[in-house]
Amino acid sequence: MSLEGGCACAAVRYRLASEPLFVHCCHCLNCQRQTGSAFVINLLIEGDRVELLSGDPQPVDVPRDDGSAQRVYRCPSCQVAVFSEYGTPAARFVRGGTLDEPAAVAPDVHIYTRSKVGWLALPESVPAFEAYYDARVLWPAESLERLDAVMGR
Ligand SMILES: [Zn+2]
Ligand SMILES: [Zn+2]
């Protein structure tokens, strides 16, 4: 699987050097506000596995409801957000809608369903949580090993 994507004006292009660690569909209100949509698709992956083919996404610290900031990287020209990070650049959250083929990935988990819009029905086959979840329980062993490696654990 080769996942590539980019912003709307094509100044920013990226390629994922491997499959994502895990794919979140987040229904929290922060994500809804940031995207202007009902949820966000985030591909979690090691920061150094997001290979920039062109462009230089610029960080914008976006306030979250809990008082923290989420660093969102945007194309300096068209301002489309291509990925973000929470606290550390070691792991990045690539926005699924910026993939050339967004349908190439599907969520491994739905989170913060307590604020999910009522008109959206989730599939029974995918784990869903009112808030967050325990990655140690849900992630494949290989992804946990990769996470530990990149976090220096
Ligand atoms: Zn752009
Ligand atoms: Zn969220």
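This is a short tutorial dialogue on reading some features of a predicted model.

Reader: Let's start with the metals. Which residues hold the zinc ion (ligand 1)?

Author: Look for the atoms that donate to the metal. For the zinc ion (ligand 1), the protein donors are the SG atoms of Cys 7, Cys 9, Cys 75 and Cys 78, lying 2.3 Å from the ion. Along the chain, these donor residues are spaced C-x1-C-x65-C-x2-C.

Reader: What arrangement do the four donor atoms make around that ion?

Author: You read it from the angles. Here they run from 104 to 116 degrees, so the arrangement is tetrahedral.

Reader: Are Cys 7 and Cys 9 buried or partly exposed?

Author: One of each! The cut-off to keep in mind is that buried means under 20% relative accessible area. Cys 7 counts as buried because its relative accessibility is 11%. Cys 9 has a relative accessible area of 37%, so that one is partly exposed.

Reader: And which residues coordinate the zinc ion (ligand 2)?

Author: The donors there are the SG atoms of Cys 26, Cys 28 and Cys 31, at 2.1 to 2.3 Å. Their spacing along the chain is C-x1-C-x2-C. Both Cys 28 and Cys 31 are buried.

Reader: Next, backbone angles. Which residue has a positive phi of about 75 degrees although it is not a glycine?

Author: That's Ala 10. You'll find Ala 10 in the loop between β1 (3-6) and β2 (13-16). Its relative accessibility is 46%, so Ala 10 counts as partly exposed. Gln 79 is another non-glycine with a positive phi, of about 70 degrees. Gln 79 sits in the loop between β7 (69-74) and β8, and it is partly exposed because its relative accessible area is 40%.

Reader: What about Gly 152?

Author: Gly 152 follows α3, and its phi is positive too, near 70 degrees.

Reader: Which residues of helix α3 are buried?

Author: In α3 (residues 141-150), the buried residues are Ser 143, Leu 144, Arg 146, Leu 147 and Asp 148. To see what covers them, look for the elements in contact: these include β4 (40-46) and α2 (135-138).

Reader: Can we try single residues? Where is Glu 85, and is it buried or exposed?

Author: Start with the element, then the surface. Glu 85 belongs to strand β8 (residues 81-85). Its relative accessible area is 5%, so Glu 85 is buried. Now check the surroundings. Leaving aside neighbours within four places in sequence, Glu 85 is in contact with Gln 70, Arg 71, Tyr 73, Ala 91 and Arg 92. With Tyr 73 there is a polar contact between the two side chains, at 3.4 Å.

Reader: Gln 70 is on that list. Which side chain makes a polar contact with the side chain of Gln 70 at 2.6 Å?

Author: The side chain of Gln 34 does. Gln 34 is in helix α1, and it counts as buried because its relative accessible area is 18%. Not counting residues up to four places away in sequence, Gln 34 touches Val 62, Gln 70, Val 72 and Arg 95. You can also compare chain distance with distance in space: Gln 34 and Pro 63 are 29 residues apart along the chain, and their C-alpha atoms are separated by 9.7 Å.

Reader: How many residues separate Leu 52 and Arg 15 in sequence?

Author: They are 37 residues apart in sequence, with 6.5 Å from C-alpha to C-alpha. Leu 52 lies in strand β5 (residues 50-54). It counts as partly exposed because its relative accessibility is 40%. Beyond four places in sequence, the residues that Leu 52 touches are Val 12, Arg 13, Tyr 14 and Pro 57.

Reader: Last one: how do I read a pocket?

Author: Rolling a probe the size of a water molecule over the atoms shows where empty space is left. In this structure, the largest pocket has a volume of about 520 Å³. It is lined by 26 residues, and the closest to its centre are His 24, Tyr 86, Phe 93, Ile 111 and Tyr 132. The elements giving two or more residues to the lining are β3 (22-26), α1 (29-35), β4 and β9 (91-95).

Reader: Which element gives the most to that lining?

Author: β4 does, with three residues.

Key:
Residues numbered from 1 in each chain as written. Chains lettered and ligands numbered in written order. Predicted model: local features only at pLDDT ≥ 70, side-chain atom pairs only at ≥ 80, totals over all residues. Heavy atoms only, no water. Helix = DSSP H or I, 4+ residues; strand = E, 2+ residues; numbered from the N terminus. Buried < 20%, exposed > 50% of the residue type's maximum accessible area, 1.4 Å probe, protein only. Polar contact = N/O pair within 3.5 Å; in protein donor to acceptor, adjacent residues only side chain to side chain. Contact = heavy atoms within 4.5 Å. Donors = N, O, S within 2.8 Å, 3.2 Å for Na, K, Ca; no water. Tetrahedral: all angles 85-135°; square planar, octahedral: opposite > 155°, others 65-115°. 1 Å grid on protein atoms, 1.4 Å probe; cavity = no way out; pocket = protein on both sides within 12 Å on 5 of 7 lines; lining within 4 Å. Points joined across faces, edges and corners; volume = space filled by probe spheres on them.
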